[in-house]
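Q: I'd like to learn how to read helix packing and a few local contacts in a model like this. Can we walk through it together?

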Amino acid sequence: MMRRLAAALCALLAGPACAQESLRVGIASNTWTFAPLQVGIDHGQFAAHGLRIEPLVFAGAARLQQAMVGGAADIALSGSTDFAYLVKGAPEIVVGGFVRPPMGLGLIVADPAIRAVGDLKGRRIGVSSPSALTGWLAMELARSQGWPPEAIQLVSLGGVIAAQGAALVTGQVEAIFSDAALGYMLEQKGQGRVLLTAASFAPDFLTNVILAAKSTAATRPGAVRAFLAAWFDAVGWMQAHRAETVASARAITGLDESVVGREYDESLAMFTRGGAISTAELARVATAIADTGLTDRPVDLTGYYSDAFLPPAASQ
């Protein structure tokens, strides 16, 4: 409906304001976390702001960042630990945050004998990459249990959800940090379950951010502002449109309607209605990046973030 209204309005105006500007937007994986992008494409929020979006799905943050550095994407949606790439010289800037707890990530297990976190000491835990958000979450879980870092073995599985699930079911790893929906799907099949959610031990962590290529921010600041405005419009629209949101999210995840519906019910609140990032959140992310070994100490991240592109309604 919104898409049709936007198109009709543009037909009436027939002016430059309706000329759609293209943005190539990369996401780090095909998960619920990035559902607002597909919602905004399907239901007209981006079109209403004069944008045509080309979505690009990558198998993890590292490959997404390669695309950004190589000029193959204009906007990136990824984990907050991607700040590390900026510290190391990636020509990007973080322009907003969009996921805080309860977040949609969980620790998923297949072996029925694993009943508590303590049963995972000394086991292999699959993550997209040891330096990615899921890698840090595994380290943080160990720390929350009072374990030394070597008490768990991190196994890099990449960002493809199906491959992560296969690694768990076939016993290559004893647990994985991934989208909780994967755990729900495995539960339906009797092959696994979500042991706990990440929010249970990382309750105050900014999980995901929106990054813009510096070249895009400098030459097309209006497009970056329009993207953020449309994104938060889509998040607001999702609150009152469960069925449509689930359908759009399924286009990204490829998961059953019941699985995505459960994720909607349990994790919709993770999407923020405002994108501003506090100094305390930046400091927490800086510590996380140092924990992964990407920096030798926490770095001041304030220079790698700008709130100048956020719409007024999304400034909190």
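Q: At what angle do helix α11 and helix α12 pack, and how far apart are their axes?

A: Keep in mind that this is a predicted model. For a helix pair, look at the angle and the axis distance together. Here α11 (residues 242-253) and α12 (residues 257-267) pack at about 115°, and their axes are 9 Å apart. The crossing is right-handed.

Q: Which residues of α11 and α12 meet?

A: Read it one helix at a time. From α11 come R242, T245, V246, A249, R250 and T253. On the α12 side they meet E257, V260, G261, R262, Y264 and D265. Sorted by class, this contact has five charged, four nonpolar and three polar residues.

Q: How do I read the buried residues of a helix, and which ones are they in α7?

A: The general idea first: an α-helix has 3.6 residues a turn, so residues three or four places apart point the same way. Now the case: in α7 (residues 161-169), I161, Q164, G165, A167 and L168 are buried. Looking down the axis of α7, these buried residues stay within an arc of 160°, so they line one face of the helix.

Q: What do the buried residues of α7 pack against?

A: Their partners are β5 (105-109), β8 (175-179) and α8 (180-188). While you're there, check the backbone just after α7: G171 takes a positive phi of about 85°.

Q: Back to α11: is S248 buried or exposed?

A: Go by relative accessible area, where under 20% counts as buried. S248, found in helix α11, has 2%, so it is buried. Next, ask what surrounds S248: it touches Q38, V39, D42 and H43, leaving out residues up to four places away in sequence. With H43 there's also a polar contact of 3.4 Å between the two side chains.

Q: And where does Q239 sit?

A: Q239 is in the loop between α10 (221-238) and α11. With a relative accessible area of 37%, Q239 is partly exposed. Its side chain reaches the backbone oxygen of V235 at 2.8 Å.

Q: Which residues does Q239 touch, not counting those up to four places away in sequence?

A: They are Y264, L268 and R273. Y264 has come up already, as one of the α12 residues in the contact with α11. For a sense of scale, try a C-alpha to C-alpha distance too: Q239 and A84 are 32 Å apart in space and 155 residues apart in sequence.

Technical notes. Residues numbered from 1 in each chain as written. Predicted model: local features only at pLDDT ≥ 70, side-chain atom pairs only at ≥ 80, totals over all residues. Heavy atoms only, no water. Axes fitted to C-alpha atoms, helices over the stretch in contact; angles between N-to-C directions. Helix = DSSP H or I, 4+ residues; strand = E, 2+ residues; numbered from the N terminus. Left-handed = near helix turned anticlockwise from the far one by under 90°. Contact = heavy atoms within 4.5 Å. Nonpolar A, V, L, I, M, F, W, Y, C, P; charged D, E, K, R; others polar. Buried < 20%, exposed > 50% of the residue type's maximum accessible area, 1.4 Å probe, protein only. Arc of directions from axis to C-beta. Polar contact = N/O pair within 3.5 Å; in protein donor to acceptor, adjacent residues only side chain to side chain.
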